[in-house]
Number of protein chains: 2
Amino acid sequence: MSEKILVIGGVAAGPKTACRVKRLLPDAEVVVVDQDNLISYGGCGIPYFVSGDVSDEKELRSTSFHVVRDEGFFSQAKGVTMLTRTRALVIDRQAKTVSVEQLDTGETNELPYDKLVLATGSVPNRLQIPGADLEGVYVVNDMHRAIAIKNDLAQGKVNKAVVIGGGAIGLEMAESLADLWGIETTVLEYMDQLLPRIVDPAFAAMLEKHLRDNNVAVYTGESATGLESDDAGRVCRVTTPKRSIDADLVIMSVGVRPRTDLAREAGLLVSPQGGIVVNNRMQTSDPAIYAAGDCVEISNQVSGMKNNAPMGSLANRQGRVAADNIAGIPSQFEGWVGSFIMKAFECCIGGTGLSRTTAKGLGYDVEVAITAQSDRAHFFPTQAVIMLQMVFDKTSRKVLGLQGFGPMNDSVLARINAAAGLIAKGAYIEDFSNLELAYAPPFSTAVDALNATANVADNLAAGRLRTLSIEDFLEWMAKPQAKPGWVALDIRHPKEAAGFVEKFGSDLWKDIPYVNVRARHKELPEDKTLIIICDAGTRSSEVQVFLDSVGREDNFVLGGGFNAIRRISVDWWPS
Amino acid sequence: MSEKILVIGGVAAGPKTACRVKRLLPDAEVVVVDQDNLISYGGCGIPYFVSGDVSDEKELRSTSFHVVRDEGFFSQAKGVTMLTRTRALVIDRQAKTVSVEQLDTGETNELPYDKLVLATGSVPNRLQIPGADLEGVYVVNDMHRAIAIKNDLAQGKVNKAVVIGGGAIGLEMAESLADLWGIETTVLEYMDQLLPRIVDPAFAAMLEKHLRDNNVAVYTGESATGLESDDAGRVCRVTTPKRSIDADLVIMSVGVRPRTDLAREAGLLVSPQGGIVVNNRMQTSDPAIYAAGDCVEISNQVSGMKNNAPMGSLANRQGRVAADNIAGIPSQFEGWVGSFIMKAFECCIGGTGLSRTTAKGLGYDVEVAITAQSDRAHFFPTQAVIMLQMVFDKTSRKVLGLQGFGPMNDSVLARINAAAGLIAKGAYIEDFSNLELAYAPPFSTAVDALNATANVADNLAAGRLRTLSIEDFLEWMAKPQAKPGWVALDIRHPKEAAGFVEKFGSDLWKDIPYVNVRARHKELPEDKTLIIICDAGTRSSEVQVFLDSVGREDNFVLGGGFNAIRRISVDWWPS
């Protein structure tokens, strides 16, 4: 008798597991149940469907060869039975059955299994605030909501929108509303930065400025406390402790939690954080039951901590591993490292591994190296600056994470991808200094931006470089008189420095061009702390070494230089 | 007394070593000698200077902040003495001196050193054929030649050009001549493919077609045997055994060899292949003498073989390691892995690690996995197909190399860079299946093209997939009657297959759409070997699994599918 494989969940991990199992065990009977009628879609594409980049929702549910992945497709092409509009009610682990209800008929049924796969996904969080259920308030977690939002937009119902939540999905939605529909859009984030925990404050600030430059209002450290309705019962206003914002569309994007009711009720181990507990073969506490995707808890490969990591890319990988093991192939899912990337208008932001904030919280001896290097040869016409930050442990020299901010192309991706595998494997700073990235002037620099960042980290770890963080620099600039002992040493071209000397006065702002510091260093005030400033930090590092060598050691380099500061909104920049 | 560091060579590794040594040992006297007056330039940028993408040769000799790196710059900014037009004549290892000649005055001099660094670079090969010294025949190895070529172009002296040598530099030069100057350009390569040894035949063929589509004539397996001159003594024609080609500019780009005369004459160990022998601290057989850049021999991290690897990016890394060790920091240069990338008109080609050809020659149990996947979500408007090939050892499952061909953006770079560090560290197929690349629809797919390629390799290594190579498929198509037992099974959309059925006849070319194979497989002829064809190979793999499961095991999948074949010039493609 052929083996019966039952999968609960038909979006990402579920279909992936089902189809691979069927390929590995062609004689098996593979059945997938899902309560929805729309299945096997690219949920990460929803912002691009809403924006109009993707014109038809069917494209999110189609193969690369343009066939819609519906029940008929799974049956004909894959040999997999897909039962849609079918809700799994209870798992009977002794009998090895799942009772299911056909939602259109109310009919219930017992489906037998030899192996069961839980791919039940996640549930979007919803703020418990007044008005959360008004018309025009959406969470974005399935195709039906995506279609409803796009209908509202297409029918001209929306002029102003508020996105509650400054995580990746919220920001992608904000871009899609503001960019292609021209809607007056506001983002509210209750933490004091965008992409909290994912990136560090300086990188979040660069993203924030770019969103503002593209007409998205951003308020961080500010929660939505209520939603008000117009006479027709549609949302018309969002209130916060500081203001009230008109809005005829509100998107709540405040995270998700694993959907684990079925697993919990069946007595499977579920972690206190909420994810189904699995081993690295994606097997639950019942050896006949596997789980994969947003519903499980997985290990972070850098920190070893267990987390829920709801990502379509991880769901697919986990599904493959679950399928392999069901078929007797001992594949392992080693955990996740936290790679991500996000488009925001003409820029992108990405990262992998731990942020400085997260790493500090875990007790690492954290330091960061920030650079502002050309993505390709500085003489190549299309070159642009990318900002990179390497997070590392000063004691062990282990690289913990990398963040990048740059133009909207694949240049940041190329560095994040290069780092992801190495960080997952516990690589050290020197592995990145020596990393042989592909080089030609139209693509990169002889010393790639990522190598250069590792070299800065090397100098920092060895105590050959002392930097001032962007945050400390901004604090100083906001109130220069609070640090009377500090003086800026601006080593850029005199034309670049002039506006600053004029604005801050030559007592606070000294300018000696980089090439003249060796000759003119004696002009510098003796009893001051020098903050050395250039565009990228590279020249400043050289100047620090020189000043140290002549006994002028009370100095710090502004890491990342003015290329970092220029990307952040500040009110003191000379006009 | 301050330590004396003497560096011979002022292009890449030399200045890098000198400047870093000076930063690490601020009290040292650091002197660099170079026989040229133009120093510290980005030699890899020469094709882009010749093309006009870079308008002024000074840009190749400038910092990213637009200061020319001349003697004054090195002295003022770096504290390094740069002696140009100064040729090193003899090293006296006992006395620790180098005698040098100032070329403009003829004056000679003894320069003392505590540590000596040889960064003498490479010498371009020149074919010993009649006419090799004619006016208008250039090797491209320094700025003077680059300037001379551009002058010829600017003065309208050139209408037709021949590039001898189909390596990366030759092809970049061919592009720059054909693209921006509209010159009728021909490439001659004596091996039977472009980029020999660097990429495998199928990838070279894709590049070749793209060059042809952009009006570059390409003849492989064909040597230049002579150059003829016009009455004025300028080259006017190139002859080969098969043809004669008009040309008023000839570029010889037939490789380089390490420049090691000085080292050899000083009795330092120089390998039979020609490079100066160094340990992984870039120290020669004389502990007081270091060497870095094109003049040394280094280890390949995958094969362990010693090679000369003349790349600006490696020169910089080696320079840093040499400087560290001179200053007492025990950095190591672990070797090279062979990462490269090259622009060719609207496409790019890149790779890292070993090619199939090279790996086979070294005795590995080589197999390749070829895919044709979308670089970003297939529903995202800017998506394009990238071709990837993973070279792996079937016995050990170690990944030996990766090649990519795709559109001219950073999408291939992002995959090559992701693989480079892992391959250098000896990673296995499963490390690539699980590699967590950054994902969002504008940048990648949930299962990244690189993950997908590893998954194909996994299936191949485990014997779950049998492919026909592109070469074997092309051989068959060129002469279908030679394999009377073979039949194509085209599972693409009937509209796509129709032209092939019509051209080859329904006995040779069966078409059953992918979604119908399960229902219609009994229509297939029983006694034939089926070659299963789709666009990317993915659907074909599924069909193979299914056919195997119904006992129809005499079948092969065309790896990479028609997306590979379409990128190669063939004369049998239906119009």
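This is a chat about the domains of chain A and one of its sheets.

Biologist: Before I start, what kind of model is this, predicted or not?

Modeller: The model is a predicted one, and that should be kept in mind for everything that follows.

Biologist: OK, which domains is chain A divided into?

Modeller: Chain A is split into domain 1, made of 4-121 + 257-326, then domain 2 at 137-254, domain 3 at 340-461 and domain 4 at 467-565.

Biologist: What separates the centres of domain 3 and domain 4 of chain A?

Modeller: Taken over C-alpha atoms, the centres of domain 3 of chain A and domain 4 of chain A are 25 Å apart. The contact draws on eight residues from domain 3 of chain A and on eleven residues from domain 4 of chain A.

Biologist: And on the domain 3 side, which elements give two or more residues?

Modeller: Those are strand 24 (366-374), strand 25 (385-393) and helix 12 (449-461) of chain A, and strand 24 of chain A gives the most, with four residues. By kind, the residues on that side of domain 3 of chain A are five nonpolar and three polar, with no charged ones.

Biologist: Switching topic, what order do the strands take in the open sheet with strand 18 of chain A?

Modeller: Three strands of chain A form that open sheet in the order 18-20-21, with mixed pairing. Strand 18 (276-277) and strand 21 (306-307) of chain A are the edge strands, each pairing on one side only.

Biologist: How many bridges join strand 18 to strand 20 of chain A?

Modeller: Two bridges join them, and strand 18 and strand 20 (residues 296-299) of chain A run parallel. For A:Val277, the bridge partner in strand 20 of chain A is A:Glu297.

Methods. Residues numbered from 1 in each chain as written. Chains lettered and ligands numbered in written order. Predicted model: local features only at pLDDT ≥ 70, side-chain atom pairs only at ≥ 80, totals over all residues. Domains from an automatic or database assignment. Contact = placed C-beta atoms within 7 Å. Nonpolar A, V, L, I, M, F, W, Y, C, P; charged D, E, K, R; others polar. Pairing = 2+ DSSP bridges.
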